[in-house]
Structures are given as structure tokens and as C-alpha cells.
Amino acid sequence: MSVEVLTTISPSTNEGILTRNGVSPADLESIPKVATEAFQSFRKTTLKERQEIVKKFLKILAQHESELAEELTVQMGRPIAFTGKEVATAVKRAEYLVKISDEVLKDIDGEPEQGFKRFIRRVPVGPVLILFAWNYPYLILVNALIPAMLSGNTVILKPSPQTPTIVERVSQFFTEAGLPNGVLQYFHSGSPTTIETIVRNPRISLICFTGSVSGGLAVQKAASDRLVHVGLELGGKDPAYVRADVDVDWAAEEIVDGAVFNSGQSCCSLERIYVDEKIHDDFIKAVQNVLKGYKLGDPFDKGTHVGPVISKRSKETIEAHIQDALDKGAKDLTPENETFSNPPPKGNFVKPTLLTDVDHSMRVMTEETFGPVIPVMKVNSDEEAIKTMNDSEFGLTASIWTKDTDKAYQLAEEVEAGTVFVNRCDYPSPDLAWTGFKNSGKGQTLGKLGFEQFVKSKSFHLKDYPK
């Protein structure tokens with residue numbers, strides 16, 4: 001059987017830029033075996049030893065920030081002005097996870113009793129398979145990789161074919177940091193059959209998937225005939241509610257960034273904006289003023305705010321959502337902007353698009369768009385805002401924008417989302433749980449609770465010898 005050849009297509013030019021060989025059937029069988037063998041020794045290392053390896057890895061990763069940033073811009077099209085920040089943020093996030101690992105992974109004492117010793121120990125689960133997406137590959141990866149490794153597990157990585165160098169770099173840097181052989185492995189694949197095969201492998205003890213709802217459901221289905229935990233971080237249709245008391249210029253600046261950054265290609269980017277009708281028109285004008293200052297274009301131009309979307313298919317989906325809204329009565333109020341009118345000719349460029357008069361009959365308000373679109377809908381009360389925010393199959397994040405933070409807290413309790421922001425958005429905080437409601441996923445990463453899926457609880461019940 002021939003091995004698949006994977007070609008990474010530049011979103012900026014739609015030309016092939018990298019090729020990688022997929023995994024052979026023999027390697028697909030041997031990788032979990034190697035991980036299982038390495039686990040027998042790695043699980044016996046001390047947490048301090050694992051922490052030191054991770055710290056060395058992070059130091060090396062930080063030293064290569066500029067070249068890693070360039071690779072990201074080439075492969076997924078985010079402007080070069082912003083890609084380095086992802087690497088730096090990944091390092092800081094991982095450092096926080098290292099910092100809390102002593103407390104999180106320590107033994108839990110049982111009730112004291114003369115002649116007895118009882119405690120719960122967090123022990124590693126075994127080989128962990130991490131399947132992760134291209135849009136924030138370093139950030140997504142450290143969410144699972146760092147707690148998995150600190151807990152004493154071995155890890156197998158499968159990146160998106162769009163960003164293949166991520167795992168190669170991470171593997172190289174961990175080797176330089178002194179990680180034992182077999183603890184971290186990776187393979188390339190674009191084949192659903194290949195993914196299904198390794199997910200079904202009985203040596204795999206935990207599966208972590210970040211990507212689309214359809215992809216997550218396929219992984220869950222493949223794992224359904226055995227008792228293995230599957231953590232799923234899936235899509236979003238994240239709403240923002242702008243109350244009448246805000247400074248509209250400030251809110252517009254923040255919300256445009258939350259909707260358009262990374263060309264809107266974030267599971268937690270803003271995709272639905274609900275604005276109190278009393279300030280709606282002023283808010284639209286403020287958004288237009290912000291968009292006039294944005295630059296769409298070559299991601300290697302340091303002045304570019306918005307680069308291409310990832311693929312022709314993605315571009316077609318985004319444009320279909322916009323057209324569906326226009327056909328159903330929405331208005332395109334995007335301001336004149338020379339860069340929006342004349343994007344580079346070869347790539348998958350989509351102008352940041354401001355839509356008004358939208359409603360929930362439109363795909364742009366119900367399906368994940370994953371593009372630089374800002375659909376704005378009027379609401380006349382807090383009650384209507386909460387009702388429309390919750391009217392979605394997704395529930396990853398949501399945001400409320402208001403001077404009245406006490407009221408915002410009350411409203412936040414009613415919002416069906418894993419994270420509710422007040423006066424900010426699009427920010428996975430490392431000290432909180434990153435989790436989704438409804439079709440946005442199951443399980444969680446980050447924070448102290450983010451270690452839970454990577455460990456099993458083992459109880460020790462010891463009684464003194466009675467004679």
C-alpha cells in the first residue's frame with residue numbers, strides 16, 4: 001500500500017509550499033507500541049524531573065520565536081505582525097501550567113485515623129493521542145501537551161496538514177531538552193481512515209481533539225466501541241451583547257478586533273453581535289470608522305491587519321454565508337477601503353464585512369462562519385439579548401459589554417457558554433477552565449481542572465499490621 005503524500009497549500013498564493021509523507025500501516029501500529037513501552041519508564045520519573053524538561057523546552061521554544069512566527073505566516077497566513085505573539089503566549093501559558101502542577105498533582109489525604117493511612121494519588125493514564133488544528137497550533141497544542149507530559153504520560157501528536165512543521169519543531173526542541181526517546185512521537189496524515197485506525201488502537205488511553213464539530217463526532221464515533229475518554233474542543237458561534245451605556249467608539253474597536261483578528265478564524269472569535277437599539281446606529285458608524293483603518297493584504301507586510309483565510313473552500317463558505325444574509329434582507333455596510341477593494345490576486349482574501357439587519361433565519365447567525373464577518377442585530381432589552389445569545393447549538397464563549405458590571409454578572413449567569421467575558425473577548429485565560437457547552441465540545445483544558453483528564457485517581461488504603 002502506497003503512503004499518502006500531503007501537500008500544504010499556501011493560503012496567500014494557493015500554491016504548494018510543503019510536502020510530507022503520511023504514516024505507513026506498519027508505523028501506525030508501531031507508534032502506540034513505542035509509546036506504551038516508553039510509558040513504563042516515564043511514568044516513574046518524578047514531577048520535578050518532568051518539570052525541568054518542560055522548562056528547558058520552553059526556553060528553547062522562546063529562543064526560536066521569530067523563525068517559528070515566519071513559518072506560521074507562510075503556512076496559515078496570519079500577518080507576521082501577530083504570529084510571534086502566539087509563540088510567546090504559548091510559552092507563558094505553559095509556564096503557568098508548570099507552576100501549578102505541584103499543587104494540582106499532589107496526593108490528596110483521606111480522613112485521619114489512628115493506625116491507618118489513606119490518600120488519593122493522581123497517576124498518569126498512559127499514551128495520549130493529541131489531534132490538533134491549524135488556526136492557533138502552538139496555543140492549542142500546549143493546552144493538552146504540557147499537562148499530559150507533566151502528569152507522566154507519553155504523547156502522540158497528529159497536526160493539521162496545513163501546519164506540519166509544528167510537531168517537527170516541538171519534537172526537536174523536546175529532544176534538545178532531554179526528553180527520553182519514545183515519550184513524544186508524531187505522524188502526518190490527512191486520511192480519516194488513518195485517524196480512525198489509531199483512535200481504535202487499544203494502547204491509546206486518551207484522545208484529545210481540537211477542530212470542527214464533524215471531525216470531533218467522527219473521532220468520538222471511532223472510539224465508541226471501547227472505554228476510552230475523548231476530550232473534544234470544537235466550534236463556536238460566539239455572541240457579544242453591547243448594552244446602551246457603553247462608549248461606542250471603545251466597544252467598536254474591541255469588537256472589530258474580536259471578530260476580525262486572525263481573519264476571524266478562531267473558535268472563540270465574535271460571530272454574532274447584538275446591540276441595544278438605542279445605540280445601534282452610532283455603533284455601526286463607529287465600526288465603520290474602525291474598519292476604515294484596517295489593512296487587508298500580504299501577511300508579510302508588517303502593516304497588514306488581515307491576511308487570507310485558510311483555503312478556497314473556506315473563502316467560498318464565508319462568501320456563501322454573506323450572500324445568504326444579503327438575499328434574506330441584510331445590508332452590507334462595510335466602509336470604503338482601498339485594500340478591501342483590491343486584495344492580492346492569488347490568495348484566499350476575504351474583506352472584513354459589516355452586515356446589518358440580520359436575524360436568525362440567516363446562516364451567518366446560526367452556522368460557524370470562521371471568517372472576518374461582523375453581523376450586527378438590534379435587540380430592545382437584556383431579556384431579548386440573552387434569549388438570542390442562547391439561541392445556538394454552540395456554547396463556547398460569550399461577551400457582555402457594559403459599564404454596569406454588577407448587571408453584567410447577573411446576565412452572565414444566564415448565558416449558556418463555557419466562558420462568559422465582561423468588557424473583553426477572545427481570550428482563553430490559563431487560570432480558568434477552557435470548556436464548551438452544547439456542540440462546542442466536552443471535557444476541558446487549562447487551569448487546575450485542566451489536568452483532570454490526563455490522570456486517574458488511585459486510592460491507597462493502608463492499615464498498620466495489627467500484631
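**Strand β8 and its surroundings**

In this predicted model, strand β8, helix α8 (residues 213–222) and strand β9 together form a right-handed β-α-β unit. The two strands of this unit also pair with each other, running in the parallel sense over five bridges. One point of register is given by isoleucine 207, whose bridge partner in β9 is valine 230. Strand β8 has a further partner in β5 (residues 128–131), and here too the pairing is in the parallel sense, over four bridges. Within that pairing, leucine 131 stands opposite phenylalanine 209 of β8.

A look at β8 itself is helpful next. The strand spans residues 206–210 and is mostly covered, with five of its five residues buried. In a regular strand, side chains alternate between the two faces of the sheet. In β8, Leu206, Cys208 and Thr210 are on one side, while Ile207 and Phe209 are on the other, and both faces are covered.

Attention then turns to β9, which covers residues 229–233 and includes glutamate 233. The UniProt record, an unreviewed entry, places the feature "active site" at Glu233. Glutamate 233 counts as buried because its relative accessibility is 16%, under the 20% cut-off. Beyond its neighbours within four places in sequence, glutamate 233 is in contact with Phe209, Thr210 and Gly211, and also with Asn143, Trp434, Ser440 and Thr445. Two residues in that list bring the description back to β8: Phe209 and Thr210 are buried on opposite sides of the strand.

Note on methods:
Residues numbered from 1 in each chain as written. Predicted model: local features only at pLDDT ≥ 70, side-chain atom pairs only at ≥ 80, totals over all residues. Heavy atoms only, no water. UniProt positions renumbered as here; feature names shortened; annotations may be inferred. Buried < 20%, exposed > 50% of the residue type's maximum accessible area, 1.4 Å probe, protein only. Contact = heavy atoms within 4.5 Å. Pairing = 2+ DSSP bridges. Right-handed = clockwise from strand over helix to strand, strands pointing away.
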